[in-house]
Structures are given as structure tokens and as C-alpha cells.
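Open the model in a viewer and keep the sequence panel visible. The stops below say what to select and what is there.

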Amino acid sequence: MIRSLSFWSLLAASLLWQGERSALFASQVPLLGEQPYLAGEAASVQYEWKAAAARAALESGLSATAADIFSSLLEDMELAANDRIELSLDYVAALIAQASYRKASDVLATLPVLYDANRRRLYQASILYGEASTPNPESIRAELTGIDPDALTRFDLPWFFLLQGMVADIEGHSDDAKTFFKKAENAALSPMQSALFSSLVLRQQILKSQADESLLVEIREKFEALAGRSAAFPFLLEYLVLLHGMGRQAEAIDILEAELTRADSGYSADERANLRLLKGLILGHDSSAGWASLESLVRTGVDSEATVIALQLLASVTERQADLLELLSEIIAQPEPYPLIAQLYYMRCQLALANPDMIDLAEADARHLLDQFPGFSEIASVYRLLAYAALQRTPPRYRVAADYLLDLRERSSEPHKIAELNRLIGDCYFLNSDYSNAVDFYDLAYSGIDSESGAPNLLLRLVISQIRSGKYEEAVTKIDQASFAGQIGVTDHWRAEWSIALALQANGQAERALERLRSVIRRDAEAVPVLLDLRMRWLEAYISLQLDESSGVDEKLDVLLARIESMPPDALGPEESSRLKSELLLLKSETMLALDDVAAAFDVIATIRSEFRGNVAAQRTYFTEAAYHASVEDFLAAREVLRSFADDYPGSTLIPQALFEAALHSQRQGPDHYGEAVILLDRLVQDHPGSDLVYYAGLKQGDLLRLMNNFAGAQLIYENLINRFPSHRLRYAAELSRADCIAALAQGEGQLAEALAILERLLDQPDIPVEVRIEAGYKWGNILTRNQDTSAAKTVFGLVTSRYLLDSTNAAALTLVGRYWLSRSVFSLGELLEHEGDLREAEKLYRRLVAFNLPGRSFALARINQLRRNESL
């Protein structure tokens, strides 16, 4: 009996394992494991978050921090063309905010002239103004006139007004200039950005100030006439600016310092702050002396616009970010109250976020702002900073980030902001591989936007999440609707179709997958990138071969190979070209094997191993060769091929798979080779403890030991698996097999108690497959029967049959394995009923089995006939 039970347990485990094996090993096929529909979608999400952090820093006036992040993102050579252009434009904006006009001009010159003409004109106008010692208002206005303000982003619009004000100021239209400066201030996204604008206006006025001697004398006389009174202040400012414009900086600084030290000047605290600010600007905010002056102003803690502007100027100096961080920390740490303390925490938080080693500080500052300054003007950005900080952790805290964004969503009322937050929350769950929750939030985001253009990649991520969460039919419907309505671009449509094809194939609908692939290839082939087109056609050939439609596949693969050979060297890049060729050749060898052209297939395999040794395809030729040997029942050759693979590629990540499959081939050689299989699996477990296959190798080791009647050894392996992988999704398989071992080794009722407890728990465990629950119920009842506890056994078997036989819905949904164990439970219960003389109930039970066509139907009919004959006697 024990051997029979073990055999059926192995059958059930084998059927379950097939699904696991296909999921694990599909990732070993590069064109399946690095799906183009993702295009590194997780990496894309992380890129978007980092870019968003840089843009937030720029909006807050931290132009140096923003420029550093943009620059690092642009170092990625794999960046998509459009993403590179957008990022470069953001980088230009950050450079302009730092007054790095020459570098901004150089970056702008590399970008396509016609791409986002409004932004380009705006930045070109900014460079024309900032770079020239004497700006030409006509050339600047020519750029501004060509801009459609309605086409500018919320970030760029205030810059547009600022430039108009600066041009008006150059032309002597002071009232117009003030009007535009006010518009810029009102349109600013934050007080920080408003302060940045003020610093730029002041800086430019000082740098471009010009005067003659007569005007200078006139202003000096007015200033001296009012000396010692507050009324002298505006004339002092103008006099100092004029001195700077005439190149007399040293004289200006001497007068400034004298006025700051005068006890009888009558200047207010705010006016003194403005004088210190002017001193820093005249000296140059990025010079040591200028920095020291601005630092002194910030340390005084005067609650004035001058202090905020000084902070922005200090933040714009790239080389001194560490000094600024230290300054902020010193002021924050001092016991005396500081009027702008919230701004300091906010600025330090953003600076710390740019340093991976200072995430704790960034998070602490953000939490402090939430707790102590809930009314802070930038509080919404603080929630985003906390979310970003959580993502910067190692490992990232995706759920924590999602919770912060959920809190922010509760504070938001504008529909477009709520839609954006739903997308960001969906991104967090997407990155955490929690695709079910990602679907919910992406769906909310998708329904909350006007068009797909409002949320790049949103529809693609929604479809991917639906597929990954098992809702592939919903994904099919969503993509079909979007395609019909023209709401998805051709490239994203193809990426989604790739994902759908793989999902359909994995769920036994390969024919449908192939039909959809062929339809989309016929319709849109000329409108997609060449790499995606080649990969899609590879997938078509791959699925065709899986469906045993090998006829014509060889010719299609030759066409694709010839197409790659005819392309310019830089069309795909050497690495991608090599990978595609090797994968196409590997598929060609498998096609030839399917067509029984074995010699030609092995010639192609030899070519792959010699010409593409560095590619994964060369390694996978060993698995192709082993599969062929196994198909002709030469299991010894199959095993030896996989063993030789480990010698040829000692560092390969595929070695665990090779050892596992070699063990399976050893098992198929017969009982005399079970020991060899166990040794191969032990090698996998010991040498590759981090492999995903370790758990499955342990299960297989235990099953083999049971077949060898070594139940004690098998029990020890199952217990090690349970202890080492307490949360594994197939823990129940080890639990069930352990119960089998305990039952086999038990010498009395006391030793059986543990096995019965395990089986009872599995029967009632709702999160495991129903087939396993039925098997556990059968084995529980069977042990009770063997111990002659027929009353308890009848109760257990009755529980199983009532749940899964008498309930029509449950019975109809069972798989082959579940139907087998249910059938055994029915016959066991029927036997007990017959033994007690309850023949009518037994007959009803058998009829139910016949009605649902469970295994053993003929035997059930025979029992029914026998029961009727017994009644007639």
C-alpha cells in the first residue's frame, strides 16, 4: 500500500511540477526572459521616479542637485531616444537655473531642432539673455514671440514670464517688467521657485548694470545726504550696483561693509539682510568670499526674502553641496529658534536624498516636517520625498512608498493629481511584483486621464500587471479596446501583444497566441522598431514549433538570419545582433530535430558552440541535445551531455538546471540509478544554495528516497525544506510528503498522531490547491481505517465527498489529480458503508461518481450491480 501511495503522490507532484518547471526555465531563454514588451519596464519605472525626483529638486530651486541627477541619468547608453531628449531639455533648464549658460547652450545644440519647439525657444531665449554681457532684446524677443504659452508646462510658464520681464527691463519699460515679474511670481510652482526667480533677477541686474560717472555722482550725493537714515537705503543699493557695473567692486564692498558696521545707519533687519545678499552677489555667489557672505546672512536667521534667496544661491553651487548640507545641519541643531526652519529641513531632505548613504537623514527630515509643520507650503512634496526615500532603500520598501502616496492622495482633490498618484501607487506595487494591487491602481489612473498621452506607458503597465496577476482575458479585452480606439501606439501595442502571446501559451492557448501574433505582424510590421519586429517574428516561429507546426519554420528562420546579415553594423548593435543570431540558430536546430534531420541539427549546434560561445544560446544547446537523446530513450547520453555542460561552463547560472534535469534522466534509467539521481540533486543543493531549484531538488530527493524505501532519510529532507523555506508557495508538498513518511515509519497510534494532525490541517487549509486538500483528506481517512477507527474514517471521507462530490460546482472544476484522489475517497467511504450494511447510501455514492465520470467508473457500475443483486437475494 505504501508504494502505491508514493507512486500516486509522485504523479501528483509531477503534474504540479510541470507548471513550476516551465515558469522557472522559461527565464533561461533570453528572448523570453528579457521580454521586449517590458523594455526593462521595472527599470523604466525606477528611471521615471529618479527623473521625477530631479524635477522636484529643480522646482524647489535645488538646481545643482537636479543637474547632478539629470547628468547621471543621461549616462545610460540604453536610454530611449525620446527619453534622452526630454531628459536633456530638463538638464538644460537646470543648467540655466545655475547660470551655466555656455554648457546649457552646448547641450541644447545637440538636440533636434523641431522637437518641442516651444521649450527649445524658451531655453534659447534664456541663454541669449544670460550669456551676453549686453543682451540683445530683439533677438531674445524673436525667440519669445514664437512661443505658445499654452503649450508650456506648469514649470516652464513662469520662466516665460520672467524672461519677458527681463527683456522689458532692458528696454526701459519698468512697469511692464514689474507686471511680468509679478506674473512669474504668481505662476511659480513653489515659494522656493519664486525665490529662485528673485535671485536670478537680482543676479542679472548686478551683472549687467552699466553707468557713467555723472549718474554715479548724482546717486552718491543723494545717498550721502540721507546718510544715517533709513531713507538712504534705496540710493545705497543703486549706488553699489552702479559701482559694480563700472568694475569698481572693491570700492562697492568697502562701502557695503562700512554701512553694515554703522551703528547709526537706521537700517531695518530686512534691509541689512538685503545688503548682505548684495555683498554675496557682487563678490560672486560661487566664490569663497561670496559664499561666506551668503552663509553669514543665512546664519543670522532673518525672516526675509533675502534669506530665502541666499539659500537658493548657495544651493545652485554644485561644488559646495556638502558644505551647504553641513551648514543646514549646524543651524538645525542649534537650540535657538530659527524662523525658516521648515525650509531648512526641506532643503536638507532633498540634498540628503541625492546621497545613497544619507537616506536615513532624508527620511527623518521628511517625517519631522509632517509631524511638526503640517501646514508647510511644500507638504505635498514631502510625502513624495518620503515615498522616494523608501524606494532608495536597500532593499526598496515599495509598500511603504505606496502608503505615503495613499496618504497624499487623501489630501488631494484635483482629478488629474489623483490620477497621477494612482499611477505612482500602481508603480510601487508593480515594482514589488504585487501585480493584483497594481492592476487596481493602474485601472483607476487609466480611467482618470483624458488620453494615453497623459500617462506614458500606463496602458502597457496595466496590461502587463493584468497578465502577471492571471487576468489575461481582461488584458486581451483592454488591449483590443485600446487598439480599436487608437489609444495605444503601435510599439506599445506590439509589446503588449508579446506579453499576451506568452500568457496565452502558458495557459494552453498557444493556437490563439499564434493567431494574434500573425495578425499584428501582418498589420503593423512597417511601423515598429526593427529589433521588436525581429523578436516578434522569432516568437511566432518559437510558438509554431511548440505547436509542432515545424513545416515552413526553417525557411522563416533563414529569412530572419539573412535579414540580420544584410543590416548595417550599427542597426542592432553587435551584442544584440549576436544574441538574435544565436537564438535564431538554436531555434533552427530544434526545428530540424522536429523534422528528424538530426545530422543537420547537430551541425547547427556545433556552429552555435563555436561561433557564439559567449551567448546563453550556446549553453542551452546542451539542453536541446539532452532533450533529443531523451526523446529516443537514450537517458544515459542525455545525462552525460548535461554533466559535460557543467565542465564546459563552470560559472554558468544554468548549472542548477543541468543538474536537476540530469537527475531526472537518471531516474528514468530505472531503480538501479535512483541513487545517482539523489547524488546529482544533492550536488545542486550543496553547490548552489541560492538557486530557485533548491526547494524542488529537495522534494525530488525525498520522493526518490521514498521509492528506495528510505523513509527516514526522506522525512529528514522534507523537515529541512520546511524549516529552511517556511514561506515557500509549495510548502504543502513537503508537509504532505512528510506526513506520508511519518505514517510509513509509525509503530503505533502515538506516532501516527503527528501525521494525522498534518493531514487534518492541510484538508482545511484554504490557500493550497484543492487537489492537495482532497489527497490529504483521503490519506487522513485511510490511516484511520488502517487503525480500525472506522467511525472517524467515515466522518473524514464523508467530509471530503460532501465538499467535492456532492457540490456539483466543485466536482466539475477538479483536475485529473483531484478527480483521482476524490475517486479513491468515494470508494473508501463506499466500502465502509457496505461493511456497515448501509447499501443504499453506498449505491447513491457510487452513482454520484458515475455521474461525474470520475476514475473507476466501470468499477462503480459493477459495485452498483452487485449491491442490487445482493438486495434481490
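**A helix pair to begin**

Select residues 269–283 and 288–300: these are helices α15 and α16, which pack at an angle of about 160° with their axes 7 Å apart. The model is a predicted one. Angles over 145 degrees count as roughly antiparallel, and α15 and α16 are therefore roughly antiparallel to each other. Their crossing is left-handed.

Now show side chains at the contact. On the α15 side, pick A273, R276, L277, K279, G280 and L283; on the α16 side, pick A289, G290, S293, L294, S296, L297 and T300. Coloured by class, the residues of this contact come out as six nonpolar, five polar and two charged.

**A second pair**

Move on to α23 (415–431) and to helix α25, residues 458–468. Here the axes come within 11 Å and cross at roughly 40°. That makes α23 oblique to α25. The crossing of α23 and α25 is left-handed. To see the contact, select R423, D427 and F430 in α23, then L458, R461, I464 and S465 in α25. The contact of α23 with α25 has three nonpolar, one polar and three charged residues.

**Loops between helices**

From α23, step into the loop that leads to α24 (435–447) and select S433. S433 is not a glycine, yet its phi is positive, near 60°. Is S433 buried or exposed? Neither label applies: with a relative accessibility of 47%, S433 counts as partly exposed.

Next, go to the loop between α5 (81–97) and α6 (101–109) and select A99. Again a residue other than glycine has a positive phi, in A99 about 70°. A99 has a relative accessibility of 27% and counts as partly exposed.

For a loop feature of another kind, select P395, placed between α21 (379–392) and α22 (398–411). Display the backbone from T394 to P395: the peptide bond there is cis, with omega near -5°.

**Q321 in α18**

Select Q321, which lies in helix α18, residues 321–333. Q321 counts as buried, at 14% relative accessibility; the cut-off for buried is under 20%. What surrounds Q321, leaving aside its neighbours within four places in sequence? Show A64, T65, L314, A315 and L351, which are in contact with Q321. Then draw a distance from the Q321 side chain to the backbone oxygen of V317: a polar atom of that side chain lies 3.0 Å from the oxygen.

For a longer line across the model, join the C-alpha atoms of Q321 and V694. They are 48 Å apart in space, and the two residues are 373 apart in sequence.

**S823 in α44**

Finish in helix α44, residues 816–835, by selecting S823. S823 has a relative accessible area of 4% and is buried. Beyond the neighbours within four places in sequence, S823 is in contact with L849, L854, P855 and G856. With P855 there is also a polar pair to display: the S823 side chain reaches the backbone oxygen of P855 at 2.4 Å.

Key
Residues are numbered from 1 along each chain as its sequence is written. This is a predicted model: local features need pLDDT of at least 70, side-chain atom pairs count only at pLDDT 80 or more; totals for chains, interfaces and linings use all residues. Side-chain values use heavy atoms; hydrogens and water are left out. Helices (H or I, at least four residues) and strands (E, at least two) are DSSP runs, numbered from the N terminus. Buried means under 20% relative accessible area, exposed over 50%, partly exposed in between (1.4 Å probe, protein chains only). A polar contact is a pair of N or O atoms within 3.5 Å; within protein, one must be able to donate a hydrogen and the other to accept it, and residues adjacent in sequence count only if both atoms are side-chain atoms. Contact means heavy atoms within 4.5 Å. Axes are lines fitted to C-alpha atoms, for helices over the stretch in contact, and angles run from 0 to 180 degrees between N-to-C directions. Angles under 35 degrees count as roughly parallel, over 145 as roughly antiparallel, 65 to 115 as roughly perpendicular and the rest as oblique. A crossing is left-handed if the near helix is turned anticlockwise from the far one by less than a right angle, and right-handed if clockwise. Ala, Val, Leu, Ile, Met, Phe, Trp, Tyr, Cys and Pro count as nonpolar, Asp, Glu, Lys and Arg as charged, and the others, Gly among them, as polar.
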